[in-house]
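This briefing is meant to be read with the sequence and the 3D view side by side. Please take the topics in order, and find each named residue in the view before moving on.

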Amino acid sequence: MIALLIANSLALASLLIMLSSGLALIYGLRDVINFGHGAIYMLGAYLGYTIALVGGFWLALLLVPILLALLGIAFEYLALRPLQRRSHIEVALVTLGLGIILGQIIIYIYGGEARSVDAPKILSGSVTVLHLSYPVYRLFLIVMGLGSCVLLALWLRYTSSGLYVRAVSQDPSVARMMGINADRLSLLVTSLSTAFAGIAGVLAGPYLSVDPGMDVVMIVNCLIIVVIGGTGSIGGAIIAALLFGFVQVAGSVFLPNLAALVPYILLMVVLLIAPGGIGRGRVLN
Amino acid sequence: MLAIEQLSVSYGSVRALTDVDLEIRGEGLLHGIIGPNGAGKSTLLDAICGRRRPSSGRVRYCGEDITRRSISWRRRQGMARSFQRTSIFQDLTVHEQLKLVAQHLGDDRLDDVIEVMDLGGYLEQKAGRIAYGVQRRIDVALALIGRPRLLLMDEPGAGLSATETLRLFQHVRDLVRERRIAAVVVEHDVDAVFACCDMVTVLDLGRHLATGTPDVIRADHRVIAAYLGTAA
Amino acid sequence: MTDDLHAPATATVGGPLSRLSLGIVVGLIGLGAGAIVPTYLASDFVLRLGSEGLLLGLLALSVAFLMNQAGLVALGAASIYGGAGYLFAIGMSDWGLTPTVALCVAFVILLAYAAILGALIVRTKPLAFMMLTLAAGEMISHAVLLEGLRDYTGGADGLVVRVNGSVLGVDAVRFTDPAQFWSFAWIVTVLVGLALWAIARSRLGAVLRAIRENEERMRFSGFNTFVPRLIGYVLVNVVAAVAGFLHVLNAGFVSPESLGLFVSTNTLVAALIGGIAGSLGPILGGLIFSFAQDEFGARGLTQLLTGVAIVLFIVVFPRGVVGGLSSLSRRLGWRREAS
């Protein structure tokens, strides 16, 4: 029971980590919260659905992040850079508008009904671990989620671009003085962030449903996670995603009547006892 | 007037101040705090005015333990400060911002402050559009409203030339004497401090090194060593 | 004593006194003429659209006030707007209250909600505030759909609201008549607009703007920066609640859509279209939005255009229609006093 609970929350948290760490990365670099992140995730899911119909799930998992990385580059050049001198609030509002536009275009093309994506054969069915039967696909999700965590940590810790990202996130003015090229870094981080949103979208297909409301649900979840984690703190976001996943899953098991509200209750509790979030971010205080 | 007892401040695992004891007494005295870079001068000021919570130790103000009081409470009790990085209201005119604060603090002698800081010619201009040197004076003027009893100044000479700094210091000293204010000034321009301050405290690597009159401090070999140590 | 600080966008023409008296005269004429004239000229259909536009304008007023004075963007206007309708309906049908008492009880509950939420979120920085209002708004729209509350809220179907008798001394039937409702909505909107205009010029407005400019320096000037923002936040929620009550009295039903994110984003768009500085812009923006929605809504384009409008107005016309027109007129030399 407990093992199942933890496994399920890890599976959910995997998706959330991929999405919210991307948000936190852009925030750390540019002080911008991308309110359109949910729509990008939704685009990933629908693109994944289409590509999976034609060429299968694996092709989708390969192609979608590439396509969305290109979208991220366009986002960087067409939105973030021209708006660099605007206030962060204005940029955030623009991303909100862009997200609505993207979401509506997707709904216009695909219509309003939910779609389902089948997991590939090798990932369908269940496997028995320690006398517990568990869906293979969710194990795959967990592996992907933890894998991306490890990759992210390695990148931040051991590469020069990762070091720069950490430096800029901690103190933008000092980093600028050190001659770090924030533009190039931001291009890298933005495309990484949208690519990860694409992966999350494709992965969400066989796990959650692909439907017109998925962008709002996901962006709200991610915003909650980023606030709880202490905005801009990537480690905080990962921990908050794990906490969120656990609370969400446990809520649906123990408080089925209130499950939809549990994430918000978590948010309010965190705001009450630790107004700055659990990580060391820069937004709240 | 101000007593700092065993004050320590940490940023995460880094200790910025360790067990600092310091007493600021006397009205009409200008007290300078100097020290090499990273000595903890600004941190000390932040801890005194409530911007930074000390990890241990106490701050007493007029005999009362105020370690946990809010910034705005301290200000209403007469503890004011100015900033190293000019902190003014860029989008308000000079007069708008001074008057807003003066009304709040019940100061009906705003004209004094305007005259002392020589801001009469800029009253109707938006603060953000005025020359930097004048913005520095606005910053100090905001701290002078409400007749503070203790004035904390963080690098008032930042961004000013040596002569401008010296002139500002003389100005502040006159003001402090005339109004019987106690003032604490953090400054890295040692010459200006020695020229104008009545008492000088030297910090080094987060510890209190020495306190005394400028003549005493000037002759203190530990102080010379501290400065030479960073210069070498 | 209260006119020593003006909102930057309007501090251009005349002295405070002449502007004040001019504002009062224009306001009174507009109040009377606007309430009566359209009811003779326009069809019921147009009046309905206009009333919807006014209600959206009221919401936009609240959002714009907070944006302009406090620099805070609220994406949760819908939860108060829709919540007002729900609480009013539940008060009458489930708690057996008379319409007037139900209205008052609903109002008190909304105030308490706004105050508690506000206490949690106005401390945060603007970006976090925006994220948190979005999250809180979604929380309320999820809460209404909870299975356990279905008996009260009607789930996805919403509630039909029958008002028997009078509300605050006004026969409830009169709210459902398009012409009379237009007059009500007009008067309320104009009065709220004037009130917010006056508050923006009061000491509270000055303090809020100074906090927006430099929160830390305000604390170092002896100001409590939490309470004014909390007051501002509760104040704009009062306006949103008024819009919500008017809406439910007129429409006679509440649905989960009235709590949805789209109401909040439409509000934001209305404020941006009109321009957030001042009271005229948001009201005009609400009216423009309402008529534009009628034009494009049938083709399912409303939300798409909402997104386009947010981007367009922030990037190209950040001061909105009213701000744009006033700077245009200044450039053409119609106002000589202007700098």
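Leaving out its neighbours within four places in sequence, C:Val322 touches C:Gly274, C:Leu280, C:Gly281 and C:Leu284. The model is a predicted one, and the points below begin with this residue of chain C, then turn to the way the chains meet, and end with a residue of chain B.

**C:Val322 and its surroundings**

- C:Val322 has its place in helix 15 of chain C, a helix that covers residues 320-331.
- Because its relative accessibility is 21%, C:Val322 counts as partly exposed; the cut-off that matters here is that a residue is called buried under 20%.
- The C-alpha atom of C:Val322 is 9.0 Å from that of C:Gly285, although 37 residues separate the two along the chain.

**How the chains meet**

- Two pairs of chains are in contact, and of these 2 pairs it is chains A and C that share the most contacts.
- Chain A and chain B, in contrast, do not touch, and their nearest C-alpha atoms are 10 Å apart.
- On the side of chain A, 38 residues are in contact with chain C, where 35 residues take part.
- Between them, chain A and chain C bury about 3,300 Å², with 85% of this area on carbon and sulfur atoms.
- The residues of chain A that lose the most area to chain C are A:Ile89, A:Leu93 and A:Tyr264, which together account for 17% of what that side buries.
- The rule for salt bridges finds 0 of them across the interface of chain A and chain C, while the count of residue pairs in polar contact, both at pLDDT 80 or more, is 2.
- Helix 4 (88-110), helix 9 (214-229) and helix 11 (262-273) of chain A each supply at least two residues to the side that touches chain C, and helix 4 gives the most, with 13 residues.
- Sorted by kind, the residues on this side of chain A comprise 29 nonpolar, 5 polar and 4 charged.

**B:Arg74, a buried charged residue**

- B:Arg74 lies in helix 2 of chain B, which runs over residues 71-76.
- Although B:Arg74 is buried, it has no salt bridge, and B:Asp65, the nearest side chain of opposite charge, is 7.6 Å away.
- A polar atom of the side chain of B:Arg74 does lie 3.2 Å from the backbone oxygen of B:Thr67.
- Not counting residues up to four places away in sequence, B:Arg74 touches several residues, including B:Ala47, B:Ile48, B:Cys49, B:Ile66 and B:Met79.

How values were computed
Residues numbered from 1 in each chain as written. Chains lettered and ligands numbered in written order. Predicted model: local features only at pLDDT ≥ 70, side-chain atom pairs only at ≥ 80, totals over all residues. Heavy atoms only, no water. Contact = heavy atoms within 4.5 Å. Buried area = accessible area lost by both parts, 1.4 Å probe. Salt bridge = Lys/Arg side-chain N within 4 Å of Asp/Glu carboxyl O. Polar contact = N/O pair within 3.5 Å; in protein donor to acceptor, adjacent residues only side chain to side chain. Helix = DSSP H or I, 4+ residues; strand = E, 2+ residues; numbered from the N terminus. Nonpolar A, V, L, I, M, F, W, Y, C, P; charged D, E, K, R; others polar. Buried < 20%, exposed > 50% of the residue type's maximum accessible area, 1.4 Å probe, protein only. Lys, Arg positive; Asp, Glu negative; His and termini not counted.
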